[in-house]
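Student: Please take me closely through one part of this model, and then show me what surrounds that part.

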Amino acid sequence: MPSMRGIGPLSYSGNTKQTAKLEELPELPLRVISLEDVSVATCAGGCVLIHPETSEAWSPAVQPTSLVALSSGSDCVFTARADAAVPIGCIALDEAQQHNLHVAPAEVYNFSVFCPPKNEEFELCEVDAEVRLLKSREASCSGRVEVDGGKLASRFQKQYLGHVLAVTQQLVLTHEGANLVIRVTGAHALDEEAREEAVGYHCFRGLLTPETQIFLTAKSPGDQGGAASSCTASHHREPRNSEVVVVNNRTRAFRTPSHNIVNVYTRDGEWFPTKKRLLRPCILLTSAVRDDAQEVVNVTVDVDTLVFDRVLIYLEAEATGRPAPQFAAHHLEDLLAAAQTLGLRSLQDYCQTRLGGMDARLRLHSWSEIQQRNGEGACLLILDGMILDVKRWLPEHPGGSTIIPNQALNLDCARFFEVYHASRESFLYLKEFYIGELRPEDRPLVPCAPPSQDFLQQLRQYTTFRMPVDGHVRAFKSF
Ligand code: HEM
């Protein structure tokens, strides 16, 4: 009888401390063999099998070795067991595992020991999955199969407890006589409420624990093809009318739609439910992203999906304080156009700097130039000496589009600003409009009703982005 040495799944109680050492373990080239070609002592139970010497080559110092993944090409992670029946240098996978990893028998692929992320939650609190019938040679799967959702979820949880699940992964399960495929469609390490709050957090795989809640839905029969077809290609076609009906299903508690989300539709019809907080720097979306909107708002932006995706990556980096991503040079023109369309000044600056054409947007402006340009239709505000170009944003101004040109041009509007804005929300937008400073020597020429010292102090706390102006004296002259 072949010797079977369990190297055990990663404990769901979180023995992730060993990962520092695991990270240093080398990639190993392993030949894929089919599980059915190996005579194993016990069922692998969702595990992949490798020879004990392979596992030792990986982790002489760190036992138990547990999770393995392809070095690249798939997000799926499997629990490995050592089994002497598997030839040295091979890895035995069942059909579903081969399908999930996109690998073929007899081919050699690089595998690594998987290290759970250190600074993120890795234990799943919720999993969404679709259920469908397996198109099987043996199983008769015509007609309607009814499964109890609660029981199926428990069975699934028991079978895959301590395993890592990844979105799109498919797992096979026999339940109440039916051969089922469970396809993971969502894996969440944060609950719904925390997900709404979190910015820049994406979960696509994690550890199944006893606390993980599983939400199952039946996949409609008209939609049975999909990703699983490759592992069943040689099997007979399933009758069209076969379907799974999930009864007694666990469903999520009803939550009123979040007001923190804006549905952004791109030019080519894609849909991005996006956190308002993330979109706030896009000043041309102001009316959609303001906190007081009581309903979920839909906006369409004249930007392509792929470009908008990059914009979101940029916004996430900005919101989480990470450095801006290094986009490839050939994307910069499109990103610049998107930044202009959305009124996203910092991305505009980023692109222009990278394109080597950063115009002297931030500069000193003379009083006569401001008056002249406003006379020609511009809308340049002076606020505590800052020059703010708000022309394109006027239709989005929560106080209306006319009050600013009617009342606030060609003077320092700090007092108006203080009087009209009860909250400090307006401060958050100023950076997006900022184009420089009034020449210090022109300050005494500008009409101005002085704001309160409290207001000025707060304003200056919010506007630390201002360019330095030599000999800058911020003084106010009365009308
Ligand atoms: C860059 C300049 C400005 C920004 C970013 C801005 C932003 C805002 C924001 C966010 C609000 C709604 C929230 C709040 O009350 O704080 C608002 C409301 C308003 N703003 Fe502005 N504003 C600007 C300039 C001005 C100026 C110069 C005036 C007047 C001359 C003005 C007049 C008003 C009025 C009347 C309201 C409505 C207040 C209410 O309904 O209680 N805003 N503005």
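Tutor: Strand β16 (residues 261-265) and strand β18 run parallel and are joined by 4 bridges. One of the bridge pairs sets Val264 against Val299 in β18. This is a predicted model, in which local features need pLDDT of at least 70 and side-chain atom pairs count only at pLDDT 80 or more, while totals for chains, interfaces and linings use all residues. Residue numbers start from 1 in each chain and follow its sequence as written. Strands (E, at least two residues) and helices (H or I, at least four) are DSSP runs, numbered from the N terminus.

The pair belongs to an open sheet of 3 strands, whose order is β17-β16-β18. The pairing in this sheet is mixed; two strands pair if DSSP finds at least two bridges between them. At the edges stand β17 (271-275) and β18 (297-300). Each of these edge strands has a single partner strand, so one side of each has no neighbour in the sheet. From one strand to the next, the twist averages 30°.

A second sheet may be read in the same manner. The order of its 4 strands is β11-β12-β8-β14, and this sheet too is described as open, with mixed pairing. Its edge strands, β11 (170-175) and β14 (213-218), each pair on one side only. On average, neighbouring strands here are turned by 35° against each other, direction ignored. At one edge, β11 is joined to strand β12 (residues 178-188) by 6 bridges, and the two strands run antiparallel. Within that pairing, Gln170 has Arg183 in β12 as its bridge partner.

The model also contains packed helices. Helix α8 (residues 305-319) packs against helix α9 (residues 332-342) at an angle of about 75°. The axes of α8 and α9 lie 10 Å apart. Axes are lines fitted to C-alpha atoms, for helices over the stretch in contact, and angles run from 0 to 180 degrees between N-to-C directions.

Further along the chain is the ligand, with 22 residues around it. Pro398, Gly399, Ala408, His421 and Ser426 are the closest of these residues; a residue is near a molecule if its C-beta atom, placed from the backbone, lies within 6 Å of it. Three helices take part in this shell: α12 (403-407), α13 (414-420) and α14 (430-433) each supply at least two of its residues.

Finally, the confidence of the prediction should be considered. The average pLDDT of the chain is 82, and 81% of the residues score at least 70; pLDDT is the predictor's confidence in each residue, from 0 to 100. Among the elements of the chain, strand β20 (residues 380-383) has the highest mean pLDDT, 97. The lowest mean, 36, belongs to strand β1 (residues 4-5). Where pLDDT is low, the predicted coordinates should not be read in detail. The model has an ipTM of 0.96 and a pTM of 0.60.

To return to the part examined at the outset, β16 and β18 are parallel partners, and β16 stands between β17 and β18 in the order of the sheet.
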